[in-house]
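Colleague: I have not looked at this one before, so could you walk me through it?
Modeller: Gladly; here it is.

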Amino acid sequence: KKWITNGVFADYFTVACRTGGPGMGGISLLLVSKDMPGVNCKQMKCMGVWPSGTTYIEFENVPVPKENLIGKENMGFKYIMYNF
């Protein structure tokens with residue numbers, strides 16, 4: 001994930017990820033801690049906006065416990081659209 005404003009300062013990320021089939025019905029929201037194995041954050045060198053903490057975040061085989069599911073599985077896209 002690239003261009004995450006203030007990502008370098010965050011302790012947790014709300015992540016939309018594919019947990020089901022194709023389309024909007026297969027997206028779930030997960031709470032991912034910055035210190036979980038497989039999460040790597042690097043501050044990007046952005047001219048003129050360096051204090052914004054713009055971050056490049058990599059997720060590589062991050063084990064996320066079931067308790068970190070936000071809402072119901074495969075309902076994440078709907079939850080995201082409620083905010084827009």
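What follows is a short conversation about this structure, beginning with the overall layout.

Colleague: What should I keep in mind about where the coordinates come from?
Modeller: This is a predicted model, so please read every value here as computed from that model.

Colleague: How many helices and strands does the protein chain have?
Modeller: The secondary structure comes to 1 helix and 5 strands, and if you read along the sequence they follow the pattern β-β-β-β-β-α.

Colleague: And what box do the C-alpha atoms fill?
Modeller: Taken along the principal axes, the C-alpha atoms of the protein chain fill a box of roughly 40 × 30 × 20 Å.

Colleague: What share of the residues is buried?
Modeller: Of the 84 residues in the protein chain, 29% are buried. The chain exposes about 6100 Å², and carbon and sulfur atoms supply 59% of that area.

Colleague: What about contacts between residues far apart in the sequence?
Modeller: Among the contacts in the protein chain with a separation of 6 or more, 56% are between residues 24 or more positions apart.

Colleague: Can you give me a case, say Thr54: where does that residue lie?
Modeller: Thr54 lies in the loop between strand 3 and strand 4. Gly7 is 47 residues from Thr54 in sequence, yet the two are 6.2 Å apart in space, C-alpha to C-alpha.

Colleague: Is Thr54 buried or exposed?
Modeller: Thr54 counts as buried, because its relative accessibility is 7% and the cut-off for buried is under 20%. Leaving aside neighbours within four places in sequence, Thr54 is in contact with Trp3, Ile4, Thr5, Asn6, Lys42, Gln43, Met44 and Cys46.

Colleague: Which side chain makes a polar contact with the side chain of Thr54?
Modeller: That is the side chain of Ser52, at 2.8 Å. Ser52 has its place in the loop between strand 3 (39–43) and strand 4 (55–59), and, not counting residues up to four places away in sequence, Ser52 touches Thr5, Asn6 and Phe9.

Colleague: Now to the start of the chain: where is Lys1, and what does Lys1 touch?
Modeller: Lys1 lies in the segment before strand 1 and counts as exposed, at 61% relative accessibility. Not counting residues up to four places away in sequence, Lys1 touches Thr55, Tyr56, Ile57 and Phe59. Cys46, which is 45 residues from Lys1 in sequence, is 16 Å away in space, C-alpha to C-alpha.

Colleague: You mention a cysteine; how many disulfides does a search of the whole structure find?
Modeller: The search finds 0 disulfides.

Colleague: Why is there no bond for Cys17 or for Cys41?
Modeller: The closest cysteine sulfur to that of Cys17 is in Cys41, and at 16 Å it is too far for a bond. For Cys41 the closest cysteine sulfur is in Cys46, 14 Å away, which is also too far for a bond. Cys41 itself is partly exposed, with a relative accessible area of 27%.

Colleague: Switching to the surface, which residues make the nonpolar patch?
Modeller: Met24, Phe77, Met81 and Phe84 make a nonpolar surface patch of about 490 Å². One of these residues, Met24, has its place in the loop between strand 1 (12–18) and strand 2 (27–33).

Colleague: Is Met24 buried or exposed?
Modeller: Met24 is exposed, because its relative accessible area is 59% and exposed begins over 50%.

How values were computed:
Residues are numbered from 1 along each chain as its sequence is written. This is a predicted model: local features need pLDDT of at least 70, side-chain atom pairs count only at pLDDT 80 or more; totals for chains, interfaces and linings use all residues. Side-chain values use heavy atoms; hydrogens and water are left out. A disulfide is a pair of cysteine sulfur atoms within 2.5 Å. Buried means under 20% relative accessible area, exposed over 50%, partly exposed in between (1.4 Å probe, protein chains only). Helices (H or I, at least four residues) and strands (E, at least two) are DSSP runs, numbered from the N terminus. Contact means heavy atoms within 4.5 Å. Patches are made of residues with over 30% relative accessible area and no salt bridge: like charges are joined within 9 Å, nonpolar side chains (Val, Leu, Ile, Met, Phe, Trp, Tyr) within 5 Å. Accessible areas come from the Shrake-Rupley method with a 1.4 Å probe; for residues, only the protein chains shown count as cover. A salt bridge is a side-chain nitrogen of Lys or Arg within 4 Å of a carboxyl oxygen of Asp or Glu. A polar contact is a pair of N or O atoms within 3.5 Å; within protein, one must be able to donate a hydrogen and the other to accept it, and residues adjacent in sequence count only if both atoms are side-chain atoms.
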